[in-house]
Amino acid sequence: MLRYLYADQLHQHRDLARSMFQDRADQFKTRLGWDVTVDENGEERDQYDVLNPLYVIWENADGGHGGSMRFLPTTGPVMVNDIFGHLTGGAPICSPLIWECTRFCLSRDADSRVAAALMLGGGEIMTGFGIRHFAGVFDARMVRIYKAIGSSPEILGSEGEGRDRISVGLWEFTEEARNKVATRADIPLDLSRLWFTRAFGSAGQHRFAQTA
């Protein structure tokens with residue numbers, strides 16, 4: 001199932017949170033060789049995890065982490081501006097209608113449908129919170145994954161070649177994309193909406209200040 005948890009709620013789901021951060025270390029440090037910080041417990045975190053971001057997490061039947069993404073509004077500190085702003089010409093992406101999506105992570109044994117389930121969760125956030133776009137940084141390997149899921153971004157800027165290519169992209173979530181992603185995830189749309197409503201209520205209340 002999909003869970004929507006702010007960072008300050010993770011203590012209520014300790015095993016799920018621990019396995020998420022450990023899977024992040026496994027994916028980004030061990031498998032991809034990124035320059036990320038892993039603590040003595042084998043968990044990967046960065047400076048954006050302390051900003052009380054919203055996480056969308058696929059929880060396996062055993063309560064463990066299957067996959068996750070992290071969301072923050074671009075009206076505050078975000079990776080696309082702080083670290084990769086040069087890829088968009090130096091003009092910051094800053095709007096209450098645009099949130100950043102980062103740390104797309106899948107566990108080693110994740111079912112092939114988990115990636116699509118996470119995208120569906122992102123779509124629920126977009127619809128429920130009145131967000132128009134997600135911004136994010138991604139590497140070359142993700143291009144194929146996004147295309148297979150049916151949710152490819154508009155590329156705003158890139159650097160590097162081949163497998164080392166890094167891009168900043170902008171996603172929207174049309175009804176057509178929502179249907180494609182739900183089919184790929186094998187999740188009925190009414191069930192997807194139910195998981196979101198259980199977390200936020202029918203109005204989709206979130207905690208981030210809506211400032212320009």
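Let me start with a cut-off: a residue counts as buried under 20% relative accessible area, as exposed over 50%, and as partly exposed in between. Keep that in mind for N52. This is a predicted model, and residues are numbered from 1 along the chain.

So, N52. N52 sits in the loop between α1 and β2. Its relative accessibility is 21%, so N52 counts as partly exposed. Now look at the backbone. The phi of N52 is near 55 degrees, which is a positive value in a residue other than glycine.

Stay in that loop and go back to D46. D46 also lies between α1, residues 14-31, and β2, residues 54-59. Is D46 buried or exposed? D46 has a relative accessible area of 14%, so D46 is buried. What does D46 touch, once residues up to four places away in sequence are set aside? The list is R24, R70, M79 and R103. With R103 there is a polar contact between the side chains, at 3.3 Å.

That brings us to R103 itself. R103 is part of strand β4, residues 98-106. Its relative accessibility is 11%, so R103 counts as buried. Check the backbone here too. R103 is not a glycine, yet it has a positive phi of about 50 degrees. So D46 and R103 are both buried, and their side chains are joined by that polar contact.

Still in β4, move to L106. Its partners, leaving aside neighbours within four places in sequence, are Q27, R31, G66, G67, V114, A115 and L118. There is also a distance to note. L106 and S19 are 87 residues apart along the chain, and their C-alpha atoms are separated by 11 Å.

Two glycines next. G63 is in the loop between β2 and β3, the latter being residues 65-73. At 17% relative accessibility, G63 counts as buried. The C-alpha atoms of G63 and M1 are 9.6 Å apart, with their positions 62 residues apart along the chain.

The second glycine is G136, in strand β5, residues 133-139. How accessible is G136? Its relative accessibility is 0%, so G136 counts as buried. Around G136, beyond its neighbours within four places in sequence, the contacts are V80, C101, S167, V168, G169 and W171. Measure along the chain and G136 is 36 residues from E100, while their C-alpha atoms are separated by 5.6 Å.Now the helices. Take α3, residues 114-129, and α5, residues 175-185. Their axes come within 8 Å and cross at roughly 145 degrees. The crossing is left-handed. Which residues meet there? From α3 we have A116, A117, M119, L120 and E124. From α5 we have R178, V181, A182, R184 and A185. By class, this contact has seven nonpolar residues, three charged and no polar ones.

Let's stay with α5. Its buried residues are A177, R178, V181, A182 and A185. Why do they line one face of the helix? Seen down the axis of α5, the buried residues fall within an arc of 130 degrees, so they share one face. Turn to the other side of α5, and E176 and T183 are exposed. What covers the buried residues of α5? The cover includes α3, α4 at 141-149 and α6 at 189-200.

Pick out one residue from that buried face: R178, in α5. Its relative accessible area is 15%, so R178 is buried. R178 is in contact with L120, E124, F173 and L189, leaving aside its neighbours within four places in sequence. Two of those names, L120 and E124, you have just heard on the α3 side of the crossing.

One last stop. Just after α5 comes D186, and D186 takes a positive phi of about 60 degrees.

To recap while you have the structure open. Begin at D46 and follow its polar contact to R103. Then go to G136 in β5. Finish where α3 passes α5 in that left-handed crossing. That's my tour.

Key. Predicted model: local features only at pLDDT ≥ 70, side-chain atom pairs only at ≥ 80, totals over all residues. Heavy atoms only, no water. Axes fitted to C-alpha atoms, helices over the stretch in contact; angles between N-to-C directions. Helix = DSSP H or I, 4+ residues; strand = E, 2+ residues; numbered from the N terminus. Left-handed = near helix turned anticlockwise from the far one by under 90°. Contact = heavy atoms within 4.5 Å. Nonpolar A, V, L, I, M, F, W, Y, C, P; charged D, E, K, R; others polar. Buried < 20%, exposed > 50% of the residue type's maximum accessible area, 1.4 Å probe, protein only. Polar contact = N/O pair within 3.5 Å; in protein donor to acceptor, adjacent residues only side chain to side chain. Arc of directions from axis to C-beta.
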